[in-house]
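Here is a short briefing on one protein chain and its ligand. Look at the model first, then go through the points by topic.

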Amino acid sequence: MSGTAPERLDRFMARANAAYYAGRDPFADFVTAPEISQMFGEILGAWVAIAWQGMGRPDPFILAEAGPGRGTLMADMTRLLARVAPDCHEAARVHLVETSPRLREVQRAALAGRTAQPVAWHDRIEALPDGPMILLANEFLDALPIRQFVRTGAGWSERFVDGVGFVALPAEDLPEAPFDRPVPEGEILECCPEALAVARRLAARFARSPGTALFIDYGYDGALWGDTLQALRDGQPAWPLADPGLADLTAHVDFAAFARAAAGAACHGSVTQGALLAGLGLFARAEQLARNRPPVEAHAIRDAAQRLAAPDRMGRLFKALAITSPGLPAPPGFAVEPAGGDAR
Ligand code: SAH
């Protein structure tokens, strides 16, 4: 787009992803954990029931999900709750944070008849009503727009999108996010201001009323740097700056920065997705489902469990971080070794 002014990367990414989620079926391009197996939602449904107990069984409470995609996770969780924790199911008021009108309709269909009360939708997490809340978000933070700063001899410059390429210009401002890393000259440091704002708002909210939030995403937990912006188009890696709206743009989540921004709340983890799901009984559930099934189906169930939890598949790159009101018990599955600062 010669002739137009360069656009700051986060503004480009916000515009591109809004168009992408409004117009495309993201699930043609990538497969997420809840779409791999119903076991993911069932395990997290049990997690919700235990977290609800730990919060003193508030009735009603807000059961919220940010970026619910096809609604599969919430559908699997509420089905499990109705079966094994009917009190929790009755008390839950389901609130979904979703900007895409098209996906809202998909979610409405997925949840029809599954909730005790009608489902409500919101554009932003801060629009959720007050009150005790359990919030989940799987692959939500990775879709939020990032800024990229380039270390120069003189300080920092920032990446702008110019046509289909990048240009580094003097940074308009430096977010307070951690610029304390020893980043070599020429290297990139990312910052996701919207994700940090979510962490800050939840921490403030959880100081006022009981709350528990679980974020699962792929990312890193340590003082790392580097360019993690990526695009998937038609299921294939693509150049992120080409054809905004036709590819899914994501970046790895900086869990350490997110936890720091949630100061005031209690943070648990991050732990790896594999450790969390295994600790919550994923493999026992897989064996239960596989029992008495034909060998091909039993194999598919066990393979789905491996895909979700094995370190060389989604088990290590994906991480989980929980935030709770101070004083609440640690949520289930978080009494395991932290994920630590392993490489991207
Ligand atoms: N959690 C789902 C979907 C992940 S895709 C799953 O695991 O399958 C990302 C989801 O976040 C989509 O539903 C997308 O429409 C939504 N989303 C992306 N950016 C958003 C934003 N800024 N605010 C609210 N929802 C957003």
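Helices and strands here are DSSP runs numbered from the N terminus, with at least four residues for a helix and at least two for a strand. By that numbering, Arg 57 sits in the loop between H3 and E2. The model is predicted. The chain is assigned two domains, domain 1 (10-144 + 192-324) and domain 2 (147-191). A ligand is present, with 16 residues around it.

**Backbone points to check**

- Arg 57 has a positive phi, near 55°, and is not a glycine.
- The loop that holds Arg 57 runs between H3 and E2.
- Pro 60 is also placed between helix H3 (38-54) and strand E2 (61-66).
- The peptide bond from Asp 59 to Pro 60 is cis, and its omega is near 5°.
- A cis peptide bond also joins Gly 269 to Ser 270, with omega about 10°.
- Ser 270 belongs to strand E15, which covers residues 266-272.

**Domain layout**

- Domain 1 comes in two segments, 10-144 and 192-324, while domain 2 is 147-191.
- The centres of the two domains, taken over C-alpha atoms, are 29 Å apart.
- Domain 1 gives 24 residues to the contact, and domain 2 gives 21 residues.

**The interface between the domains**

- About 1700 Å² is buried between domain 1 and domain 2.
- Carbon and sulfur atoms account for 57% of that buried area.
- On the domain 1 side, Trp 225, Asp 227 and Leu 241 lose the most area to domain 2.
- Together these three residues make up 33% of what the domain 1 side buries.
- The two domains share 1 salt bridge.
- Arg 159 pairs with Asp 227 in a salt bridge, and their closest N and O atoms are 3.4 Å apart.
- Asp 227 therefore appears twice, in a salt bridge defined by a nitrogen-to-oxygen distance within 4 Å and among the residues that lose the most area.
- Across the interface, 5 residue pairs are in polar contact.
- Helix H1 (9-23), helix H7 (193-208) and helix H8 (255-261) each give two or more residues to the domain 1 side that touches domain 2.
- That side of domain 1 has 14 nonpolar, 4 polar and 6 charged residues.

**Ligand surroundings**

- Which residues are closest to the ligand? They are Thr 32, Gly 67, Gly 69, Glu 98 and Asn 138.
- Gly 69 uses its backbone: an N or O atom there lies 3.0 Å from an oxygen atom of the ligand.
- Glu 98 uses its side chain: an N or O atom there is 2.5 Å from an oxygen atom of the ligand.
- Asn 138 uses its backbone: an N or O atom there lies 2.7 Å from a nitrogen atom of the ligand.

**Salt bridges**

- The count comes to 21 salt bridges.
- One of them joins Arg 8 to Glu 158, with the closest N and O atoms 3.7 Å apart.
- This pair links distant parts of the chain, 150 residues apart.
- Arg 8 is in strand E1 (residues 7-8), and Glu 158 is in strand E7 (residues 155-162).

How values were computed:
Residues are numbered from 1 along each chain as its sequence is written. This is a predicted model: local features need pLDDT of at least 70, side-chain atom pairs count only at pLDDT 80 or more; totals for chains, interfaces and linings use all residues. Side-chain values use heavy atoms; hydrogens and water are left out. Domain bounds come from an automatic or database domain assignment. Contact means heavy atoms within 4.5 Å. Buried area is the accessible area (1.4 Å probe) that two parts lose on being put together, summed over both. A salt bridge is a side-chain nitrogen of Lys or Arg within 4 Å of a carboxyl oxygen of Asp or Glu. A polar contact is a pair of N or O atoms within 3.5 Å; within protein, one must be able to donate a hydrogen and the other to accept it, and residues adjacent in sequence count only if both atoms are side-chain atoms. Ala, Val, Leu, Ile, Met, Phe, Trp, Tyr, Cys and Pro count as nonpolar, Asp, Glu, Lys and Arg as charged, and the others, Gly among them, as polar. A residue is near a molecule or strand if one of its heavy atoms lies within 4 Å of it.
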